[in-house]
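Open the model in your viewer and keep the selection panel to hand. The stops below go from one helix pair to another, then out to the whole chain.

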Amino acid sequence: MNEHLTNRQIALLVFGGIVGYGVINLPKDLAEASGTGGWIPLLITIVIVIIAGYMFTFLGYVHKEKTIYDYSILLTGKYIGNILIFLYLVYFFSIFTITSRISSEVIKIALLSKTPVSALTLLLMLVCYYAITKKLKGIGRLCELYGMIIIIFGLIMHILISTQGKLINITPLVPPIGIIAYFKRSEEHTS
């Protein structure tokens, strides 16, 4: 495969993967678990994700022209490498099915209330398959288009929402629940 993506397409592809359905409920969950101090577990989680992302990026940079299967066997040996790849596959197949189900339920709630979730999931998988057949460049262009739309409208919405409410409503910024409780909340959101 000799297709190349631009830096913007790669950035928006990663943005789409991170901002997708993984973080939709994050503010609600953090507010329930930590109150107004929810920003502390969020910062801890961000640091953990940045470190993990850097490690994966660095491994991909150091082992150019190799897949994750190739360099996991190279780094850990054949037996442990195969176990890691098996766990990796199980994890991503699980994430794919969960994301498909959540996406279908959101579409059902928001737009198509009488459509069965199984039909929406099948349609979503067919659309994903069609996108995959258009190769990497087509997916990159699509992520570039949708990513820019999401960022622009997200900024507009956040600016408009920030004019509402009062700063007094977010105090105290750090409720006294203890540092261990913040790490437990961060652990819940990284898994």
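Begin with α4 and α5: these two helices are oblique to each other, because their angle falls in none of the other classes (under 35 degrees counts as roughly parallel, over 145 as roughly antiparallel, 65 to 115 as roughly perpendicular, the rest as oblique). Select residues 68-76 for α4 and 78-110 for α5; they pack at about 140°, with axes 7 Å apart. Axes here are lines fitted to C-alpha atoms, for helices over the stretch in contact, and angles run from 0 to 180 degrees between N-to-C directions. The crossing of this pair is right-handed (the near helix is turned clockwise from the far one by less than a right angle; anticlockwise would be left-handed).

Now show side chains at this crossing. On α4, pick Ile 68, Tyr 69, Ser 72, Ile 73 and Thr 76. On α5, their partners in the contact (heavy atoms within 4.5 Å) include Ile 80, Leu 84, Ile 85 and Tyr 88. Gly 81 of α5 takes part too.

A note on the model before moving on: it is predicted, local features need pLDDT of at least 70, side-chain atom pairs count only at pLDDT 80 or more, and totals for chains, interfaces and linings use all residues. Residues are numbered from 1 along each chain as its sequence is written, and side-chain values use heavy atoms, with hydrogens and water left out.

Next, select α1 (residues 7-19) and α7 (residues 135-162). Their axes come within 8 Å and cross at roughly 70°. That makes α1 roughly perpendicular to α7. The crossing is left-handed. From α1, the contact uses Arg 8, Gln 9, Leu 12, Leu 13 and Phe 15. From α7, look for Ile 139, Gly 140, Cys 143, Gly 147 and Ile 151, among others.

Stay on Cys 143. Is this residue buried or exposed? Neither: Cys 143 is partly exposed, at 22% relative accessible area (buried is under 20%, exposed over 50%, partly exposed in between, with a 1.4 Å probe and protein chains only). Select Cys 128 as well; it is partly exposed at 30%. The disulfide count is zero, where a disulfide is a pair of cysteine sulfur atoms within 2.5 Å.

Finally, zoom out and color by secondary structure. The protein has eight helices and zero strands (DSSP runs, H or I of at least four residues for helices, E of at least two for strands, numbered from the N terminus). Of its 191 residues, 16% count as buried.
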